[in-house]
Amino acid sequence: MFALVGGLACGVVEHPHDTQAVETGDDFAASSGAGPSTTTSGASVGGAMTAASGSGGGSSDVGSGGGSGPSGVTINLGGVDVPRERAIAFIHIGHSNMAGRATRPQSSRPFHFTETHPHAFMYHPGSAPELAIEPKTAGDTAAGGPGTALVKEAAMLAPDNYFISLGFGWPSAYCSQFIPGGLYYDQLIAAPKAIKGRVTFGGIFIYLGITERHGSAADRSGFPECINTLVTAIRNDVGEPTLPALMNDYEVEGSGEFVVGGAVANAIRPEIERCPSVVSNFALVSAEGVGMQDDHHFNLDGHRTWVQRALATMKDKGWRPWAP
C-alpha cells in the first residue's frame, strides 16, 4: 500500500509539489486481520454505516456491525491488538490553526505537549501509530493544534476505546486547495487511506473559512459548495458516505482585520453559515469565547474548548455511539 506525501511548505502559491511514494505496509506489521493487500472498507460510527461492514441506524453501538458480528480485524496500538470496532479514527484537516500556532497558557502546555494518554494515538504514513502529542498531530512548527486534545478528550469520554488522530494542516491554505486536484488533497487523504480497513472512522473535523481571503471572490462565494466537495471526497475515499463532519464557525474572537463586522468576516461569515444547508451530516462548532493566541489563531485552551464543543455536538446529534 502506498500513499503520496508532498514537498516543502510554500504558502499558497499554486504550483505542483514534488511527491514520493511512502511504503505503509509495515506501519501495521504487528496487527492482524486486514493486511496491506486487504480491500475491506473502514467503518463509520455516525451515520448510516455504523460498524465493520454492515449498515444500520446512527444510534447503533460501535461493534454492533449493524446486526453483524465483530469483524475480527485488529490494529496494534502501543503493543495492544485493538479490535477495529474499538479503534476510532478522527480525520482533522485545515489551515494554520489546525497545524497549530498555540504556545500558551503555560499552565496548559503539559496536557498538549508532554502528557500522553494510553488510548490516544496519532498516525502518519511511513511510521507506526504512536501516542499523540503536539506538535506532531498535524503540525509544521513547534506550536500546538487541536489534534492531541481531540483524541485525549475522546479517550476520557470512552476509556474502553482507542482514538487515532489523522491530521493534516497547511498554513494559509483555503478550501479549493484541499479538494481533489488541488495542492493538498493527496497529502490529507494519505493517512485515512493507509489505515482504512483497520479502524472505525469517527468523524471529519475541519478548520477552514478565514483563509478564503487568500482566494478569489469565487472561492468565497462558493465556499459551502467547496466544503461539500471536500467532505464528499473524503467520505468516498474512506468508504463512509455519511461520516459526520464538523467545522469551526467564524473566529468571532478575532481582532484587527479579523474582527466581527470587518471586511474579512463580512465576506466569509455568511458563507460559513450556509454550510450546514449544503453539506449532509454536517455541523458548525462555535468559536465564541475560545482562548486566542493572536488575532486569529486559538491558544491551547481555545483548541481544547473547541474540541470539547465538537464532541458534545456529536453527542447531541447522535454521532458518537462510541461514548455515552
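**Rings, charges and helices: how the labels are earned**

Author: In this predicted model, K152 lies over the face of F111, at 3.8 Å from the ring centre.

Reader: What makes a charge count as sitting over a ring?

Author: NZ of a Lys or CZ of an Arg has to be within 6 Å of the ring centre and within 35 degrees of the ring normal. K152 is at 3.8 Å from the centre of F111. There's also R109, whose charged end sits over the ring of F113, 4.3 Å from the centre.

Reader: Okay, on to rings with rings. How many aromatic pairs are there?

Author: The count comes to 13. One of them is F168 with F178, 6.4 Å centre to centre with 85° between the planes.

Reader: Why is the pair of F168 and F178 called edge-to-face?

Author: Centres must lie within 6.5 Å to pair, and planes over 60 degrees apart count as edge-to-face. Here the centres are 6.4 Å apart and the planes make 85°, so the pair earns the edge-to-face label. The two rings come from distant parts of the chain: F168 is in strand β9, while F178 is in the loop between β9 and α4.

Reader: And what is the pair of F178 and Y184 called, and why?

Author: Tilted. Stacked needs under 30 degrees and edge-to-face over 60, with the rest tilted; F178 and Y184 are at 55°, with 5.8 Å centre to centre, so tilted it is.

Reader: How do you know whether F178 and Y184 are buried or exposed?

Author: Buried means under 20% relative accessible area. F178 has 0%, and Y184 has 0% as well, so both count as buried. F168 is buried too.

Reader: Which residues do ring pairs link into a cluster?

Author: F90, F163, F205 and W322.

Reader: Now helices. Why are α6 and α7 called oblique to each other?

Author: They pack at an angle of about 45°, with their axes 7 Å apart. Under 35 degrees would be roughly parallel, and 65 to 115 roughly perpendicular. About 45° falls in neither range, so α6 and α7 are oblique. Their crossing is right-handed. Among the residues that meet are F223 and I227 in α6, and I268 and C275 in α7.

Reader: What about A265 in helix α7: how do you know if A265 is buried or exposed?

Author: A265 has 2% relative accessibility, and the cut-off for buried is under 20%, so A265 counts as buried. Leaving aside neighbours within four places in sequence, A265 is in contact with Y250, F258, V259, V260 and P270.

How values were computed:
Residues numbered from 1 in each chain as written. Predicted model: local features only at pLDDT ≥ 70, side-chain atom pairs only at ≥ 80, totals over all residues. Heavy atoms only, no water. Phe/Tyr/Trp six-rings, centres within 6.5 Å; stacked < 30°, edge-to-face > 60°. Helix = DSSP H or I, 4+ residues; strand = E, 2+ residues; numbered from the N terminus. Buried < 20%, exposed > 50% of the residue type's maximum accessible area, 1.4 Å probe, protein only. Axes fitted to C-alpha atoms, helices over the stretch in contact; angles between N-to-C directions. Parallel < 35°, antiparallel > 145°, perpendicular 65-115°, else oblique. Left-handed = near helix turned anticlockwise from the far one by under 90°. Contact = heavy atoms within 4.5 Å.
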